[in-house]
Amino acid sequence: MKPKPYDEDVREFLAAQRGLLVAASADTLFNKNLRGTLTRHLSVKDDCVVNAFTLQELQQVIKMYRSRGHRLLVFIERELAGKPTTDIIKYVKQDQPDVLFVVLTTEVEREKLILLHEVGADNIITKPIAPDTLIEKIAFTVKPRGQIGELIDEGKKLLAIGQYQDAEEKARLVLELKAQSPAGLILQGDALKGQGKIEQALDSYKQAEKSAKLFLEPLKKIAALHRETGNTAEEIRLLERLDKLSPLNVDRKIDIGNGYIRLGDKGKAKLVFDEAIKVATRDAMESLSRVSREIAQICLDVAPELSERYLRRTLEAKKGFLDKGDIETFNRLGITLRKQGRWEDAITEYRKALKISPVDGNLYYNIAMAHMEGRQLLDAYNFMTKALSLSPDIYKAGEPVCLNIAAIFRRAGKNELAKDYLRKALEFNPDSKKAAAFLREIETQRLQA
């Protein structure tokens with residue numbers, strides 16, 4: 001059972017702060033789960049959720065509801081309508097830092113997650129997500145935890161309106177509570193910079209960097225100060241350290257190259273610019289991949305053979321650049337092949353995906369389902385057991401998954417395990433006739449035995 005304070009934090013955000021949740025996603029399952037979580041778990045109306053399906057719609061929604069005095073929490077896909085969303089997060093955050101962003105994604109590389117945080121994501125959700133976890137994510141995003149978090153939040157608001165001395169006082173209070181707090185030192189540095197105390201600000205940023213080696217913000221602040229004061233060599237040194245921590249930021253690579261141009265080092269500038277082009281090319285290939293994947297999804301139910309064709313194009317477009325972000329494409333290709341009755345071909349594709357992500361429980365789940373469809377019952381049981389050992393919470397994806405797990409355990413003669421997952425299915429949907437009938441059937445056979 002989830003702690004009640006999380007529920008209250010979300011309700012307080014929606015009611016007292018006139019909070020609004022914006023779902024910038026075409027994922028019908030996530031949108032349904034978000035509204036269902038609000039109505040069933042929090043007992044609030046789902047009119048506090050607004051949908052946006054394109055980047056243009058999202059910009060219009062943000063502008064309209066911000067003008068009406070709403071505080072916004074935006075759930076946004078890593079790619080929306082075939083386009084990356086990193087730019088819109090970055091630009092909205094620069095102009096309206098109080099708009100909160102939670103990025104929705106499947107499992108991706110660590111470098112991509114770092115980039116998302118760097119451009120302004122306040123939190124990240126890896127789908128699928130259970131209702132209790134979703135509530136906790138919202139609560140942690142909208143309300144700073146503890147006194148230090150509240151002081152930092154107050155300090156940022158003071159910075160935004162130019163009250164730098166008051167912001168410095170908030171930073172002092174933070175540092176009294178926790179000496180060498182990186183966030184407190186950053187707040188102090190920003191307040192000092194606002195007052196024109198550049199050397200003192202630089203000292204605060206350097207202390208923050210020493211206190212948290214993997215915290216990018218202090219390095220960015222120091223690099224920006226060096227650029228403002230014309231210290232290009234030191235600026236480049238800091239930017240290159242940032243590039244090692246977050247290597248997918250194309251704009252920073254361009255800034256590094258620009259720095260070398262200013263220093264007259266064309267050779268090093270060329271190397272950095274070439275690397276920027278390489279990363280940008282990879283991004284373009286991912287965009288092509290997304291378009292193919294969207295077409296494949298449209299064709300999935302009525303023309304699975306066309307869906308297969310475009311999913312294969314999706315993977316071919318990224319040949320040589322495949323990563324964990326492509327696991328979902330392999331999963332969809334497997335489902336498409338299974339719809340055509342080609343369960344063995346589906347397993348072949350899932351095994352290719354396992355080479356990229358060998359401990360992905362969802363892949364083992366799909367392999368189990370393919371074996372089930374091929375009536376390979378022992379293999380289905382073994383792979384489902386492996387899936388649950390890697391991802392015990394896989395059943396939280398919903399009632400259909402619980403029913404599938406139960407069916408495999410039932411056919412393997414593991415009736416108690418099957419009953420356990422049927423009960424979980426009924427927790428998701430108390431009116432599930434299929435789960436109830438399945439349970440009665442197992443009980444009847446047990447009594448007759």
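The exercises below work through strand pairing and salt bridges in a predicted model.

**Exercise 1.** Find the strand that holds Glu77, its bridge partner in β6, and the polar contact of its side chain.

Solution.
1. Glu77 belongs to strand β3, residues 71–77.
2. Strand β3 runs parallel to β6, and 5 bridges join the two.
3. Within β6, Glu77 has Leu104 as its bridge partner.
4. The relative accessible area of Glu77 is 10%; buried means under 20%, so Glu77 is buried.
5. The side chain of Glu77 makes a polar contact of 2.7 Å with the side chain of Ser25.
6. Apart from residues up to four places away in sequence, Glu77 touches several residues, including Ser25, Thr85 and Lys127.

**Exercise 2.** Which residues of β6 point one way, and which the other way? Place Thr105 in this arrangement.

Solution.
1. Strand β6 spans residues 100–105, and 6 of its 6 residues are buried.
2. In a regular strand, side chains alternate between the two faces of the sheet.
3. Leu100, Val102 and Leu104 point one way from β6, while Phe101, Val103 and Thr105 point the other way.
4. Thr105 has a relative accessible area of 3% and is buried.
5. β6 also pairs with strand β7 (residues 123–126), in the parallel sense and over 4 bridges; there the bridge partner of Thr105 is Thr126.
6. The side chains of Thr105 and Arg78 are joined by a polar contact of 3.3 Å.

**Exercise 3.** For the salt bridges Lys90 with Asp251, Asp122 with Lys93 and Lys157 with Asp153, state the location and the accessibility of each residue.

Solution.
1. In the pair Lys90 and Asp251, the closest N and O atoms are 2.5 Å apart. Lys90 is in helix α4 (residues 86–95) and Asp251 in helix α13 (residues 250–263), so the salt bridge ties together parts 161 residues apart in sequence. Lys90 is buried at 18% relative accessibility; Asp251 is partly exposed at 38%.
2. For Asp122 and Lys93, the closest N and O atoms are 2.8 Å apart. Asp122 sits in the loop between α5 (110–119) and β7, and Lys93 in helix α4, 29 residues apart. Asp122 is partly exposed at 32%, whereas Lys93 is buried at 14%.
3. For Lys157 and Asp153, the distance between the closest N and O atoms is 3.8 Å. Both lie in helix α7 (residues 146–160), 4 residues apart, so about one helical turn separates them. Lys157 is exposed at 53%, and Asp153 is partly exposed at 25%.

**Exercise 4.** How many salt bridges are there, and which residues are linked in a network?

Solution.
1. The count is 34 salt bridges.
2. The network links Glu308, Arg312, Arg342, Asp345, Glu349 and Lys352.

Terms used: Residues are numbered from 1 along each chain as its sequence is written. This is a predicted model: local features need pLDDT of at least 70, side-chain atom pairs count only at pLDDT 80 or more; totals for chains, interfaces and linings use all residues. Side-chain values use heavy atoms; hydrogens and water are left out. Buried means under 20% relative accessible area, exposed over 50%, partly exposed in between (1.4 Å probe, protein chains only). A polar contact is a pair of N or O atoms within 3.5 Å; within protein, one must be able to donate a hydrogen and the other to accept it, and residues adjacent in sequence count only if both atoms are side-chain atoms. Contact means heavy atoms within 4.5 Å. Two strands pair if DSSP finds at least two bridges between them. A salt bridge is a side-chain nitrogen of Lys or Arg within 4 Å of a carboxyl oxygen of Asp or Glu.
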